[in-house]
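Trainee: Please give me a close look at one part of this model: the sheets, and whatever goes on around them. Go strand by strand where you can.

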There are 2 protein chains.
Amino acid sequence: MQGLGEAARAAARDMARAGSEAKNRALRAMAAQIRTRAEELLEANRADLAQAKKDGRDGAFVDRLVLDAERIEQMAAGLEDVAALEDPVGTITGLARRPSGIEVGRMRVPLGVIGIIYESRPNVTADAAGLCLKAGNACILRGGSEALRSNQAISACVRAGLKAAGLPENAVQAVATADRAAVGELITMHQYVDIIVPRGGKELIERLMREAKIPMIKHLDGVCHLYVDDRADAAMAVRLADNAKTQRYGTCNTMETLLVAEGIAAQVLPSIGRIFLDKAVEIRGDDATRKLISGAKTATEKDYYTEWLAPIVSIRVVKGLDEAIAHIARYGSRHTDAIVTTDQARAERFLREVDSSSVMVNASTRFADGYEYGLGAEIGISTDKLHARGPVGLEGLTTQKFVVLGHGEIRS
Amino acid sequence: MQGLGEAARAAARDMARAGSEAKNRALRAMAAQIRTRAEELLEANRADLAQAKKDGRDGAFVDRLVLDAERIEQMAAGLEDVAALEDPVGTITGLARRPSGIEVGRMRVPLGVIGIIYESRPNVTADAAGLCLKAGNACILRGGSEALRSNQAISACVRAGLKAAGLPENAVQAVATADRAAVGELITMHQYVDIIVPRGGKELIERLMREAKIPMIKHLDGVCHLYVDDRADAAMAVRLADNAKTQRYGTCNTMETLLVAEGIAAQVLPSIGRIFLDKAVEIRGDDATRKLISGAKTATEKDYYTEWLAPIVSIRVVKGLDEAIAHIARYGSRHTDAIVTTDQARAERFLREVDSSSVMVNASTRFADGYEYGLGAEIGISTDKLHARGPVGLEGLTTQKFVVLGHGEIRS
């Protein structure tokens with residue numbers, strides 16, 4: 001791992017110097033390699049799949065692991081999409097002349113070396129590498145050991161693309177061992193790695209949070225709320241609650257708890273309850289909710305802390321905005337929270353006072369996503385407050401330094 | 001400490017809601033309190049000074065600890081200066097409509113709770129608190145135990161100012177114990193503290209780096225370089241080298257190593273050497289340097305890693321830009337580095353490739369400072385790459401979250 005670290009550091013210096021054109025050429029060459037070597041990728045993947053089945057892995061696991069023609073094309077097209085994104089590196093902003101005569105601004109520069117730790121989804125190898133490279137970084141990829149052959153095959157395509165564009169192959173290195181100790185080393189060697197991006201389930205994130213000595217772009221939970229204010233458009237509230245919960249159950253920006261102001265509860269909760277129960281969504285509510293939705297179960301204190309990732313929803317009737325904000329502060333995970341209201345002042349208070357990475361007015365929490373936000377692509381979502389917050393795209397893989405343009409000025 | 005943490009978290013919620021006017025009123029009221037209670041402050045400080053002398057503290061220590069009429073006025077004026085700065089909180093930038101119909105932008109918001117750990121300079125109590133509050137944060141102040149009485153007296157003025165403006169007094173809490181274990185708690189209670197800003201010498205920073213579980217805005221070393229390119233204005237190079245080294249010896253942005261291209265060494269080093277030796281600056285150079293400056297001592301490998309903070313300078317003659325960049329990457333501390341050159345392409349390469357928090361062309365490294373950069377004031381300088389990098393002002397004490405303004409949009 002130390003060797004990988006040193007090689008990554010050296011490659012990062014070359015990548016930081018690379019122009020947009022070379023980086024885009026590399027990304028397109030990678031896409032071409034992936035298409036050309038599709039059969040090799042499928043073969044490597046078949047070996048991984050055979051092993052996974054032998055190990056008795058479940059259907060969901062195998063589904064994540066599998067590569068097919070469609071997923072291979074998605075990887076290639078994804079790399080081309082990243083090539084088409086604007087290069088954030090090198091732009092100088094805010095340049096202003098100071099009374100001393102110097103001009104001071106900030107230049108956007110790559111972070112350096114990024115460690116990506118992910119589970120057995122081979123497509124992450126291409127997706128994450130593409131974003132890291134476009135932002136001028138080197139990366140070390142550590143995918144799930146069950147996808148080792150698939151990842152190595154994809155990484156070979158990526159490295160061939162780098163080489164074709166005259167960029168250092170070591171800007172992407174996939175850890176070639178299934179040894180779990182490699183992760184422990186990767187997340188602590190801060191002389192070589194500037195940031196860690198974990199992609200995976202809660203168990204992975206929790207382990208990394210305990211052990212990492214390097215900052216991470218990560219979120220642990222997505223306990224997202226939709227608060228229906230008593231000054232809401234009732235039809236809109238029903239539509240948003242439905243979409244935020246049921247459009248997809250397993251995503252981190254899915255609404256897990258619905259808060260409803262008591263003044264509008266009788267107007268909206270029966271309709272919302274009917275929709276949820278029709279879609280077989282289990283409802284866990286407080287007393288006021290259960291009076292309005294027959295078929296709702298009793299919510300426990302713990303339910304309100306829970307990220308269901310399933311067709312289950314917690315509902316609570318609150319007095320109004322203050323109680324909603326207090327509930328979110330206590331039970332939420334600082335991921336994404338939305339208010340439905342027609343009252344501008346209340347919307348502004350919600351936006352300002354709810355301390356989450358995304359705060360929304362009259363929109364579904366499901367929009368919290370790099371593509372939906374226009375970031376082009378997303379390496380992950382961060383609920384931490386420092387550096388990148390919310391969906392993280394190319395810009396979150398860069399940093400800024402001060403540049404000073406002088407004309408011989410000295411300080412007196 | 002847990003109690004302080006909880007109280008700070010609650011106060012931070014109120015501060016985040018506070019408008020600019022209330023915050024500015026508080027800052028001005030603090031300044032008035034400090035002026036009104038000057039005699040109380042001096043009395044508390046006299047008690048600290050008496051104890052310090054009894055404990056046999058040296059002159060430099062006592063000098064940092066002492067309050068006098070001038071320093072008290074500086075604290076008060078400093079708070080008024082912060083009141084006059086623009087409030088970064090609440091501004092929304094980059095708001096753009098997406099194809100889905102939602103508008104997405106970013107809102108600047110306070111970080112939350114900031115822990116300030118500093119040595120026995122009582123003025124930091126007012127200076128740091130003022131910046132934290134203006135950015136809408138609460139703070140917990142832990143100054144050197146030798147300044148305990150002075151800090152408590154200043155903190156009482158600050159809290160009185162908060163109260164006068166109707167803001168929570170607990171937005172500023174000065175730890176009232178000299179027990180060193182309090183620091184250990186402060187830097188690990190991440191449920192209550194969002195960021196730590198250490199203000200002090202290397203020993204303090206090193207200890208905190210080992211023990212902190214909370215991100216810090218900090219720098220360890222300031223091994224700053226000035227590189228004189230062979231395409232430099234020789235007179236400018238001499239002037240900048242002089243200023244960068246000798247304008248002040250003890251600051252972190254002072255040049256510690258001078259790198260000179262071999263093509264211009266004979267032209268500039270004799271003059272630079274004369275100036276340094278006239279000012280009793282000890283020169284430690286490589287062979288090429290010592291040939292041009294009689295009186296220069298032999299530099300060791302270790303000298304090039306050293307932050308002198310004293311009238312000592314390391315000098316090395318290098319082949320050109322590449323060797324200079326490589327030297328800085330190896331021996332530098334990513335703080336501030338400058339090039340003297342008339343060649344635009346080389347200037348641009350230096351700016352882009354030197355991975356430091358401030359990179360400069362034709363200016364003295366001494367300019368790396370929040371006031372000189374126009375940040376208004378500075379809470380510290382960061383050499384880390386994440387969040388804030390370089391001099392950190394009000395903006396570095398805030399973060400951004402995504403705001404989404406919808407009109408009932410759902411995701412399909």
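Mentor: Helices (H or I, at least four residues) and strands (E, at least two) are DSSP runs, numbered from the N terminus. The model is predicted, with local features needing pLDDT of at least 70 and side-chain atom pairs 80 or more, while totals for chains, interfaces and linings use all residues. Residues count from 1 along each chain as its sequence is written, and chains are lettered from A and ligands numbered from 1 in the order written.

Let's begin with how the copies sit. Chain A lands on chain B after a rotation of 180 degrees with 0.0 Å of shift along the axis, at an RMSD of 0.0 Å (a least-squares fit on C-alpha atoms with pLDDT of at least 70 in both). The two copies are thus related as by a two-fold rotation axis. His387(A) has the C-alpha of chain A nearest that axis, 1.9 Å away.

Where they touch, 55 residues of chain A contact 55 residues of chain B (contact means C-beta atoms, placed from the backbone, within 7 Å). Helix H1 (2–17), strand E2 (103–110), H10, helix H14 (344–353), strand E13 (358–363) and strand E16 (398–409) of chain A each give two or more residues to chain A's side. E16(A) gives the most, 11 residues. That side splits into 23 nonpolar, 18 polar and 14 charged residues (Ala, Val, Leu, Ile, Met, Phe, Trp, Tyr, Cys and Pro are nonpolar, Asp, Glu, Lys and Arg charged, the others, Gly among them, polar). And 100% of chain A's interface residues are interface residues in chain B too, so the copies meet through the same surface.

Now to E16(A) itself. It runs parallel to strand E13 (residues 358–363) of chain B, joined by 5 bridges, with Leu405(A) opposite Val361(B). Strands pair if DSSP finds at least two bridges between them. The open sheet holding these two has 10 strands, mixed pairing and the order E1(A)-E2(A)-E16(A)-E13(B)-E12(B)-E7(B)-E8(B)-E11(B)-E9(B)-E10(B). Its edges are strand E1 (92–97) of chain A and strand E10 (297–298) of chain B, each paired on one side only. Further along, strand E8 (255–261) and strand E11 (312–318) of chain B pair in parallel over 5 bridges, with Ala261(B) opposite Val318(B). Helix H10 (234–246) of chain B packs on this sheet, touching E16 of chain A as well as strand E7 (224–228), E8, E11, strand E12 (336–340) and E13 of chain B. The direction of H10(B) makes about 170 degrees with that of E7(B) (axes are fitted to C-alpha atoms, for helices over the stretch in contact, and angles between N-to-C directions run from 0 to 180 degrees).

A second open sheet of 10 strands, also of mixed pairing, runs E10(A)-E9(A)-E11(A)-E8(A)-E7(A)-E12(A)-E13(A)-E16(B)-E2(B)-E1(B). Its edge strands, E10 (297–298) of chain A and E1 (92–97) of chain B, have a single partner each, so one side of each lacks a neighbour in the sheet. E12 (336–340) of chain A pairs in parallel with E13(A) over 4 bridges, and Ile339(A) faces Val361(A). Helix H13 (321–331) of chain A packs here against E7, E8, E11 and E12 of chain A, its direction about 140 degrees from that of E11(A).

Two helix pairs round this off. H10(A) and helix H11 (262–278) of chain A have axes that come within 10 Å and cross at roughly 35 degrees. By class, their contact has 9 nonpolar, 2 polar and 2 charged residues. Helix H2 (20–36) and helix H5 (69–84) of chain B pack at about 170 degrees, with axes 8 Å apart.

Definitions and conventions: Contact = placed C-beta atoms within 7 Å.
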